[in-house]
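Colleague: I have a chain open and would like to go through it with you. Can we start with one residue and work outwards?

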Amino acid sequence: LYTYIKKKLRYPAKSKRLGVEGRVYIQVIVEKDGVLSKIVAYNSPSEECGKEAIRVVKSTSPWQHPGRVGGVAVRTRIIIVVTFELKNKR
């Protein structure tokens with residue numbers, strides 16, 4: 001998952017220009033069929049970073065292994081951390 005996110009994530013131009021860095025916490029519900037729902041960003045360093053993190057998480061295909069209890073698929077809430085870090089700091 002994190003390899004996919006790193007590959008697809010685009011640093012928002014405004015946040016990059018302003019030197020904004022930080023972590024976005026994405027709360028997601030993984031439904032019984034592996035589809036993601038109720039995707040919400042928390043503690044984003046900027047509005048643009050939060051929107052970009054949500055965009056990338058939404059673009060993932062349905063998960064093949066949703067949560068299970070006793071062998072039965074169940075809805076599961078997870079937190080995904082997306083980090084925005086500038087490589088070339090001034």
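**Starting from one strand residue**

Modeller: V81 is partly exposed, with a relative accessible area of 26%. Bear in mind that this is a predicted model.

Colleague: Why does V81 count as partly exposed and not buried?

Modeller: Because buried means under 20% relative accessible area and exposed means over 50%, and V81 has 26%.

Colleague: Which element is V81 in, and what does V81 touch beyond four places in sequence?

Modeller: V81 is part of strand β5. Leaving out residues up to four places away, V81 touches Y2, R23, V24 and Y25.

Colleague: How far is V81 from A41 in space?

Modeller: The C-alpha atoms of V81 and A41 are 9.6 Å apart, with the two positions 40 residues apart in sequence numbering.

Colleague: And V82, what is in contact with that one?

Modeller: Setting aside neighbours within four places, V82 is in contact with I5, L9, G22, R23, V24, I26 and A53. V82 is also one of the residues that touch the most other members of the largest nonpolar core.

Colleague: Which others are in that group, and how many residues does the core have?

Modeller: The core has 15 residues, and the others in the group are I26, V28, I39, V57 and I80. Elements giving two or more residues to this core are β1 (22-30), β2 (36-42), α3 (47-58) and β5 (76-84). The largest share, five residues, comes from α3.

Colleague: Since you mention α3, is E52 buried or exposed?

Modeller: E52, which lies in helix α3, counts as buried because its relative accessibility is 10% and the limit for buried is under 20%.

Colleague: What is around E52?

Modeller: Apart from residues within four places in sequence, E52 is in contact with K8, L9, R10, P12 and F84. L9 is also on the contact list of V82.

Colleague: Another glutamate, then. Where is E85, and is E85 buried or exposed?

Modeller: E85 is in the segment after β5. With a relative accessible area of 52%, E85 is exposed.

Colleague: Which residues does E85 contact, and what separates E85 from G22?

Modeller: Beyond four places in sequence, E85 is in contact with Y11 and E21. The C-alpha atoms of E85 and G22 are separated by 6.5 Å, although the two are 63 residues apart along the chain.

Colleague: Switching to loops. Where does E31 sit, and which side chains make polar contacts with the E31 side chain?

Modeller: E31 is in the loop between β1 and β2. Its side chain makes a polar contact with the side chain of S37 at 2.6 Å, and another with the side chain of R75 at 2.8 Å. Outside its sequence neighbours within four places, E31 is in contact with S37, P66 and R75.

Colleague: Now the whole chain. What is the order of helices and strands?

Modeller: There are three helices and five strands, in the pattern α-α-β-β-α-β-β-β. Of contacts between residues at least 6 apart in sequence, 69% join residues at least 24 apart.

Colleague: What are the dimensions, and how many residues are there?

Modeller: The C-alpha trace spans about 50 × 20 × 15 Å along its principal axes. The chain has 90 residues, and 34% of them count as buried. Its accessible surface is about 6300 Å², with 52% belonging to carbon and sulfur atoms.

Colleague: Last one: how many charged side chains of each sign?

Modeller: The chain has 19 positive and 7 negative side chains, and the centres of the two sets are 3 Å apart.

Definitions and conventions. Residues are numbered from 1 along each chain as its sequence is written. This is a predicted model: local features need pLDDT of at least 70, side-chain atom pairs count only at pLDDT 80 or more; totals for chains, interfaces and linings use all residues. Side-chain values use heavy atoms; hydrogens and water are left out. A nonpolar core is a set of buried Ala, Val, Leu, Ile, Met, Phe, Trp, Tyr and Cys residues joined through side-chain atoms within 4.5 Å. Buried means under 20% relative accessible area, exposed over 50%, partly exposed in between (1.4 Å probe, protein chains only). Helices (H or I, at least four residues) and strands (E, at least two) are DSSP runs, numbered from the N terminus. Contact means heavy atoms within 4.5 Å. Accessible areas come from the Shrake-Rupley method with a 1.4 Å probe; for residues, only the protein chains shown count as cover. Lys and Arg count as positive and Asp and Glu as negative; His and the chain ends are not counted. The place of a charge is taken as NZ of Lys, CZ of Arg, CG of Asp or CD of Glu. A polar contact is a pair of N or O atoms within 3.5 Å; within protein, one must be able to donate a hydrogen and the other to accept it, and residues adjacent in sequence count only if both atoms are side-chain atoms.
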